[in-house]
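Dear colleague,

I am handing over the structure we spoke about, and you will find the sequence and the coordinates just below. My notes on what was found follow after that, and I would be glad if you read them with the structure open.

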Amino acid sequence: RTYLVHCDIAQHMEKGMKAQLVVGSGSGDLWSIPGVTANFERPPVVVGLWEGLLLVFAALSSGAIIFGIAVIKKSRQQ
């Protein structure tokens, strides 16, 4: 059989800290093992115009809210 061996620390396996352990003749190569199989490629993320604008608006709004809270806290301390 072929077994997956990997690091248990968070996100290490996703970054490539994994290997395969082949016992006997094994049961074939595992997919996405560095040095054994081809690199795993994620498809590009495509964001439409409206989704992109919504993401920008959400980021700006959350930044403005956090800034506003900081200003209020500072004014209450004085």
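The accessible surface of the protein chain comes to about 7,100 Å², and carbon and sulfur atoms hold 65% of that area. Please keep in mind from the start that this is a predicted model, with a mean pLDDT of 79 over the protein chain and with 86% of the residues at 70 or more. Among the elements of the protein chain, the confidence is highest in strand 2, residues 18-22, where the mean is 89, and lowest in helix 1, residues 49-77, where the mean is 80.

As to the general layout, the protein chain contains two strands and one helix, and the order of these elements from the N terminus is β-β-α. Of the 78 residues in the protein chain, 5% count as buried. Among the contacts with a separation of 6 or more, 20% are made by residues that lie 24 or more positions apart.

I would begin with Thr2, which belongs to strand 1, residues 2-6, and which counts as buried because its relative accessibility is 8%, under the limit of 20%. Two polar distances from the Thr2 side chain are worth finding on the screen: a polar atom of that side chain lies 2.9 Å from the backbone nitrogen of Ser27, and a polar atom of the Thr2 side chain also lies 2.9 Å from the backbone oxygen of Gly28. When residues up to four places away in sequence are set aside, Thr2 touches Gln20, Leu21 and Val22, and also Gly26, Ser27, Gly28 and Leu30.

Gln20, one of those partners of Thr2, sits in strand 2, and with a relative accessible area of 18% it is buried. The side chain of Gln20 makes a polar contact of 2.8 Å with the side chain of Asp29, and the side chain of Gln20 also reaches the backbone nitrogen of Leu30 at 2.8 Å. Not counting residues up to four places away in sequence, the residues that Gln20 touches include Tyr3, Ile33 and Val36.

That leads to Ile33, in the loop between strand 2 and helix 1, which counts as buried at 2% relative accessibility. Leaving aside neighbours within four places in sequence, Ile33 is in contact with Leu4, Lys18, Ala19 and Gln20. For Ile33 and Leu4, the C-alpha to C-alpha distance is 8.9 Å, while the two residues are 29 apart in sequence.

On the surface, Tyr3, Val5, Leu21 and Val23 form a nonpolar patch, and together these residues have about 350 Å² of accessible area. Leu21, which is found in strand 2, is partly exposed, since its relative accessible area of 45% falls between the limits of 20% and 50%. Leu21 is also among the residues that Thr2 touches, and Tyr3, another member of the patch, is among those touched by Gln20.

One point of backbone geometry deserves a careful look. Most residues other than glycine have a negative phi. Gln11 is not a glycine, and yet its phi is positive, at about 70 degrees. Gln11 is placed in the loop between strand 1 and strand 2, and Gln11 counts as exposed because its relative accessibility of 53% is over the limit of 50%.

If you have time for a single part of the model, I would suggest following Thr2 to Gln20, which are in contact, and then Gln20 to Ile33, which are in contact as well.

With kind regards

Definitions and conventions. Residues numbered from 1 in each chain as written. Heavy atoms only, no water. pLDDT = per-residue confidence, 0-100. Helix = DSSP H or I, 4+ residues; strand = E, 2+ residues; numbered from the N terminus. Patch = residues over 30% accessible without salt bridge, like charges linked within 9 Å, V, L, I, M, F, W, Y side chains within 5 Å. Areas by Shrake-Rupley, 256 points an atom, 1.4 Å probe, with all protein chains shown as cover. Salt bridge = Lys/Arg side-chain N within 4 Å of Asp/Glu carboxyl O. Buried < 20%, exposed > 50% of the residue type's maximum accessible area, 1.4 Å probe, protein only. Polar contact = N/O pair within 3.5 Å; in protein donor to acceptor, adjacent residues only side chain to side chain. Contact = heavy atoms within 4.5 Å.
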